[in-house]
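Dear colleague,

I am handing over the structure below, and after it you will find an account of what turned up in it. Please read the notes with the model open beside you.

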Amino acid sequence: MRTQVSLDAVTPLVNGYHENPFEVLGPHQVTDEGRQGLAVRALLPGSQQVWLVDEAHGHRRPMRRIHPSGLYEAICPVEDGNGQTIAHGQYHFQLTDSHGIERTMKDPYAFDPLLTDYDLHLLGEGNHWDSYKRLGAQIREINGVQGINFAVWAPNAEGVSVVGDFNEWSAKSHPMRKHVPGGVWELFIPEMKVGTLYKFAVKQRGGRVVEKCDPYGFAAEVPPRTANIVTDLESYQWQDDSWLATRKNHNALDAPMSIYEVHLGSWQRDPEDPERWLSYREIAPRLVEYCQRMGYTHLELLPVSEHPFTGSWGYQPVGMFAATSRFGSPLDLMYLIDQCHQAGIGVIIDWVPAHFPKDDHGLRQFDGTALYEHEDPRKGEHPDWGTMIYNYGRNEVKNFLISNALFWLDKYHIDGLRVDAVASMLYLDYSREGGDWIPNMFGGRENLEAIDFLKKFNEECHLQYPGTLTIAEESTAWTGVSRPTYLGGLGFSLKWNMGWMNDTLRYIHHEPIHRKYHHDELTFSLIYAFTENFILPFSHDEVVHGKGSMLDQMPGDLWQRFANLRCLYGYMWSHPGKKLTFMGGEFGQWNEWNYNTSLQWDLLQWESHQGLQNYVAHLNNIYKNEAALHEVDFDGAGFEWIDCHDHEASTLAFMRKAKDPQDFVIVCSNFTPVPRHGYKLGVPEACWYEEISNSDSAYFGGGNVGNDGGILAGPHESHGRPASIEITLPPLGTVIFKPKRG
């Protein structure tokens, strides 16, 4: 029988722009002059000789080269239906390559696609929330044959092939089939193993072929290498059932939340080789023990998604579904998270849906067009960061991002997502001059598509994974960021209080003698403290770009710097709102944070640094143990000023109250180096007030100026209250008192 393949079909196939190579390759029923046969065709560039082996009958038939590109064909007569076994993929090729090496392989074009019409419908509609189980590189078994199913969205590409170390990176060896009209390309490659390196060779309009990383790839090589790695995420055996069962209690808005923000590449390095990153598994026991000892409730990791430039700290991700391989495999990261959970520590990751870098192997111009980004740079490029902005109005892009968020909550058991740069998403004119942005359909500056995306993201996260947190880094006065979407809010659980951070740091930078002129910078935060569910952040952004470390930012001599920082932390831990501090600030690192080196752990040989570290651990523990300091963070019922007007003395005094108003503490901070003896404060009742915290304790590196453990309140009215205490307020100190009745 003669071949029935036309040159018109072969040309696009061998030149890489055939939308459905299955029309030519694989098994096909053919008829010639009344005779029926089964034509099996294979495109095997670089091969010298190929045989078709019928696994059911043991037949070995030579295949004929019908095109010099390496297109082979064997036409098997069909007698009594015996050929039907071959039609169902029960055959393989035996070939000899140009080096004379023999090998066997199953035919990728003998297997049906994984994606259904319903999958494609949901993807096009933008509602395929578990698309990470269908796209990318999925482990699959068909008719007893194991392999990897590849699928990628590239609707405007002329052709897409899977390339990798398994086919010598040949774009001609494994062309994919395009699903029309959805634009998803798919191919099952039988017998491919976990650990295989791969990319997608995308032929863009005009003929340019670009090797692109898999947008849904689960792992990648260590940068600067860029290939994805076929990965099995299901093989890790989680041991955190107990944590997951009670997670909603740990993440509740009335629960204590002290977050330790960490960059894994610079928290600690190998002392024997300071240039080497510690792996996820090496970090796990050290970081878990440290968080436990320090009393942190949650760990927040700077972005762990794969990113090409280490100096971006992870904030310019290329592989949104790939845990960065700098510190090990995806299973190694799972181990770290699992160990945190078993120790009662929640894990939050920074998530970056605001932008992506321009690297050629990434999402930019993925299929030769502005697929994930906007075509117009006035909407599609960030002027500050030199990155691309997602097109939130495109269903497939919205699907990609929300599916990614759910992926981390699902596969990695993440407890919360801190969403980076929300303000840049909300405003079309963010960091742009007048003529450099395009108004929305109503003529306004709000990015309506991004707003809809954020609302849907929050709804799906909270619906599908109750008890998890979504946290917004949002620096403007946008209302309702942490309010439910059904009330018109964006739907986040919590919002970083950037206003409090900026005002408080501006105040503390002043020399104490000048602070009385800036008292409002401290008190202003309580005007809006209960308009959102706030986190008080002293994050990595406060200790980079020439700002210096937290300790270095404090004014005064050595004693004053440490006292200032302790006083500031005492005020922060007692102020309404959850807490977040960046690594190194808890023990007084002197150097500004450098992502390329370890923290200055050697400083802990000095008592001053040990004392500061002891104080932060003390604050975390008293914060967790005292309901008044965490139960009512987001309602005015949990806070009451005693005296916010004493700007001359630069002091603040207030009450924090638990849900039971009889459970309260008294907080007073002195932001000058002058001790205040006989400092009178009105209190609700006459009883003994135990001094449960004093930042000037010698154990914390202070001068031990205080109240000998407590003080008795007398029935003398003050500050509009029936009783009062006269305390010694230490210099640059924060003290906390709790009533002790009976």
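A salt bridge, as the term is used here, is a side-chain nitrogen of Lys or Arg within 4 Å of a carboxyl oxygen of Asp or Glu. By this rule the count comes to 34 salt bridges. Please keep in mind throughout that this is a predicted model, and that the values below are computed from it.

To begin with the protein as a whole, it holds 16 helices and 38 strands, and its C-alpha trace spans about 115 × 60 × 45 Å along the principal axes. Of its 742 residues, 61% are buried, while the area that the protein exposes comes to about 28200 Å², with carbon and sulfur atoms supplying 49% of this. Among the contacts with a separation of 6 or more, 70% are accounted for by residues 24 or more positions apart. The protein carries 62 positive and 96 negative charges, and the mean positions of these two sets are 3 Å apart.

Turning to individual salt bridges, Asp-350 and Arg-418 meet through their side chains at 3.3 Å, N to O. This pair links distant parts of the chain, since Asp-350 belongs to strand S23 (residues 346–351) and Arg-418 to strand S26 (residues 416–419), 68 residues apart. Asp-350 is buried, and Arg-418 is buried as well. The two also take part in a network of salt bridges, in which Asp-350, Arg-418, Asp-420 and Glu-473 are linked.

Leu-301 offers another view of this region, being found in strand S20 (residues 298–301). Is Leu-301 buried or exposed? With a relative accessible area of 1%, Leu-301 counts as buried, because buried means under 20% relative accessible area. Leaving aside residues up to four places away in sequence, Leu-301 touches Val-262, Leu-264, Val-347, Ile-348, Ile-349 and Asp-350, and Asp-350 is the residue that forms the salt bridge with Arg-418. The C-alpha atoms of Leu-301 and Arg-418 are separated by 9.4 Å, although these residues lie 117 residues apart along the chain.

A second salt bridge joins Glu-211 and Lys-199, whose closest N and O atoms are 4.0 Å apart. Here too the pair links distant parts of the chain, with Glu-211 in strand S15 (residues 209–212) and Lys-199 in strand S14 (residues 197–203), twelve residues apart. The two partners fall into separate classes of accessibility: Glu-211, at 33% relative accessibility, counts as partly exposed, whereas Lys-199, at 10%, counts as buried. In a further salt bridge, between Asp-552 and Arg-561, the closest N and O atoms are 3.3 Å apart, and Asp-552 counts as partly exposed at 37% relative accessibility.

Finally, strand S38 (residues 733–740) deserves a look, being mostly covered, with six of its eight residues buried. Which strands pair with S38? Strand S33 (residues 664–670) pairs with S38 in the antiparallel sense over five bridges, and in this pairing Asn-670 stands opposite Gly-733 of S38. Strand S35 (residues 688–694) likewise pairs with S38 in the antiparallel sense, over six bridges, and there Trp-688 has Lys-740 in S38 as its bridge partner.

With kind regards

Notes. Residues numbered from 1 in each chain as written. Predicted model: local features only at pLDDT ≥ 70, side-chain atom pairs only at ≥ 80, totals over all residues. Heavy atoms only, no water. Helix = DSSP H or I, 4+ residues; strand = E, 2+ residues; numbered from the N terminus. Buried < 20%, exposed > 50% of the residue type's maximum accessible area, 1.4 Å probe, protein only. Contact = heavy atoms within 4.5 Å. Areas by Shrake-Rupley, 256 points an atom, 1.4 Å probe, with all protein chains shown as cover. Lys, Arg positive; Asp, Glu negative; His and termini not counted. Charge placed at Lys NZ, Arg CZ, Asp CG, Glu CD. Pairing = 2+ DSSP bridges.
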